[in-house]
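Trainee: Please take a close look at a single part of this structure with me, and connect it to the elements beside it. I would like the cut-off behind each term as it comes up.

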Amino acid sequence: MIEKKNIVKHEERAVLVGVIQKDQTEHQVKEYLDELAFLAETAGAVTIKKFMQKLAHPDSRTFVGKGKLQEIAEYAKLHDVSMLIFDDELSGAQISNIEKETNTKTIDRSDLILDIFARRAKTAQAKAQVELAQYQYILPRLRGMWKHLERLGGGIGTRGPGETEIETDRRIVRDKISLLRKRLAEIDKQAFTQRKDRGEFIRVALVGYTNVGKSTIMNLLSKSDVLAENKLFATLDTTTRKIVYENTPFLLSDTVGFIRKLPHHLVESFKSTLDEVREADILLHVVDIAHANYEDQIGVVNKTLQELKAFDKPVLTIFNKMDLYIKHTFDEWLEESTKEEILKDLKERWQDATQGNAIFISALERTHIDDLRTAILEKVREMYKIRYPYKTAFFY
Ligand SMILES: Nc1nc2c(ncn2[C@@H]2O[C@H](COP(=O)(O)OP(=O)(O)OP(=O)(O)O)[C@@H](O)[C@H]2O)c(=O)[nH]1
Ligand SMILES: [Mg+2]
């Protein structure tokens with residue numbers, strides 16, 4: 001029988017595995033594994049080792065090569081490793097082959113992200129969305145899961161599952177999927193009506209990679225109390241607040257963060273949460289400028305926005321965590337004038353790239369927040385003028 005469970009247990013000892021494919025550099029894959037370690041930590045596991053292998057094409061049976069898998073298996077045995085986490089998506093057969101040869105539970109990045117989402121989901125909508133994504137993920141992997149249970153002696157006879165058992169499970173999973181879809185459609189209908197009730201207000205949405213500071217900025221701008229913490233996907237549910245600056249009202253929403261290789265099913269089932277982004281008039285794209293891979297992250301966010309068909313909107317790019325950037329980049333003996341030069345270059349580069357729509361702040365130290373407010377206000381007012389050309393005097 002199929003049941004969903006938290007895959008990652010508290011303090012579990014994990015080994016991470018990444019493959020450097022032909023269009024990737026070793027440095028990039030190292031960063032990806034650092035991010036995977038952060039995901040693992042968010043789920044409650046401890047990373048004790050990372051393995052990388054350069055491979056033009058992943059092995060169809062075991063993803064990494066035979067020799068590497070042997071090495072991983074030996075390491076796992078010696079160091080009491082309870083779980084392998086692969087950075088790339090594995091097929092059901094690959095998971096089952098790897099588990100057999102290493103004798104260690106194996107999951108992939110999508111699995112891990114789904115696990116985190118499942119823990120974080122609080123509202124009925126978020127819970128149903130995650131559950132839907134989980135079942136969709138499981139469906140093509142059922143055969144592998146049966147094999148897995150078989151090896152662990154999990155209540156199945158030595159003969160292994162017959163086609164009928166797998167077919168029964170498939171049917172159960174399909175039924176669950178259609179039930180969840182129905183439930184979500186109902187929640188959607190209510191949410192749509194609620195959104196319609198918001199009237200003529202211009203809608204602004206905070207978007208960005210996970211952990212960049214969206215909720216911190218939301219709290220700062222709206223005096224609300226959204227959970228902000230140094231974990232990935234702290235926010236799953238959308239929060240919307242009405243804000244009034246200088247007699248100009250607008251709605252500000254904080255929403256789920258993006259990440260590279262966000263499981264496809266997750267994006268699909270979070271469609272209604274992401275409607276907030278799709279239906280926004282203006283996007284505030286928050287970037288963690290102190291992150292080594294921030295330019296990659298900008299690319300991932302832009303690509304996700306394109307997939308959501310939300311790319312065609314005015315965007316203000318907020319480069320956040322300037323305090324950390326300065327701390328990482330400058331040391332004490334650097335001349336003040338050199339620091340200024342470096343900062344000026346950085347800012348000019350991004351002002352050029354965003355056609356003058358970049359703001360540099362520290363939400364934590366509250367620097368340049370007034371500039372941010374002014375920039376938002378300007379965009380919101382422009383939008384009111386476009387939207388209601390005869391009504392501009394209405395708001396201010
Ligand atoms: N140093 C520094 N830390 C910041 C700044 N802004 C936010 N943070 C920290 O970054 C972490 C993530 O902040 P959140 O506001 O939760 O980020 P988020 O983008 O909402 O993250 P998710 O909801 O998980 O996608 C928290 O620990 C914040 O305290 C900043 O300007 N400087
Ligand atoms: Mg958040």
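Mentor: A residue is near a molecule if one of its heavy atoms lies within 4 Å of it. In this predicted model, local features need pLDDT of at least 70 and side-chain atom pairs pLDDT 80 or more, while totals for chains, interfaces and linings use all residues. Residues are numbered from 1 along each chain, chains are lettered from A and ligands numbered from 1 as written, and side-chain values use heavy atoms, without hydrogens or water.

The part I would choose is the surroundings of ligand 1, where 23 residues are found, the closest being Lys-214, Thr-216, Ala-234, Thr-235 and Asp-323. Among the polar contacts (pairs of N or O atoms within 3.5 Å), the side chain of Lys-214 places an N or O atom 2.7 Å from an oxygen atom of the ligand. For Lys-321, the separation between a side-chain N or O atom and an oxygen atom of ligand 1 is 3.1 Å, and for a polar side-chain atom of Ser-362 the distance to a ligand oxygen is 3.3 Å.

Asp-323, one of the closest residues to ligand 1, leads us to helix α12, residues 322-329 (helices are DSSP runs of H or I with at least four residues, strands runs of E with at least two, numbered from the N terminus). Within α12, Asp-323 is buried together with Met-322 and Tyr-325, where buried means under 20% relative accessible area, exposed over 50% and partly exposed in between, computed with a 1.4 Å probe on protein chains only. Viewed along the helix axis, the buried residues of α12 fit within an arc of 165° and so line one face of the helix, the arc being that of the directions from the axis to the C-beta atoms. Lys-327 and His-328, by contrast, are exposed on the other side of α12. The partners against which the buried residues of α12 pack are β9 (315-320), α13 (336-353) and β10 (358-360), with contact meaning heavy atoms within 4.5 Å.

Lys-321, whose side chain reaches a ligand oxygen at 3.1 Å, also appears in the contact list of Asn-211, a residue of the loop between β5 (202-208) and α8 (214-222). Once residues up to four places away in sequence are set aside, Asn-211 touches Phe-38, Glu-229, Asn-230, Lys-231, Leu-232, Asp-288 and Lys-321. With a relative accessibility of 17%, Asn-211 counts as buried.

The strand on one side of that loop, β5, is mostly covered, with seven of its seven residues buried. Ile-202, Val-204, Leu-206 and Gly-208 point one way from β5 while Arg-203, Ala-205 and Val-207 point the other way, and every one of these is buried. Two strands count as paired if DSSP finds at least two bridges between them, and β5 runs parallel to β7 (residues 248-254), joined to it by five bridges; in that pairing, Ala-205 stands opposite Ser-253. Another five bridges link β5 to β8 (residues 282-288), again in parallel, and here the residue opposite Val-207 is His-285.

Taken outward from the ligand, then, the path goes through Asp-323 into the buried face of α12, and through Lys-321 to Asn-211 in the loop that follows from β5.

Terms used: Polar contact = N/O pair within 3.5 Å; in protein donor to acceptor, adjacent residues only side chain to side chain.
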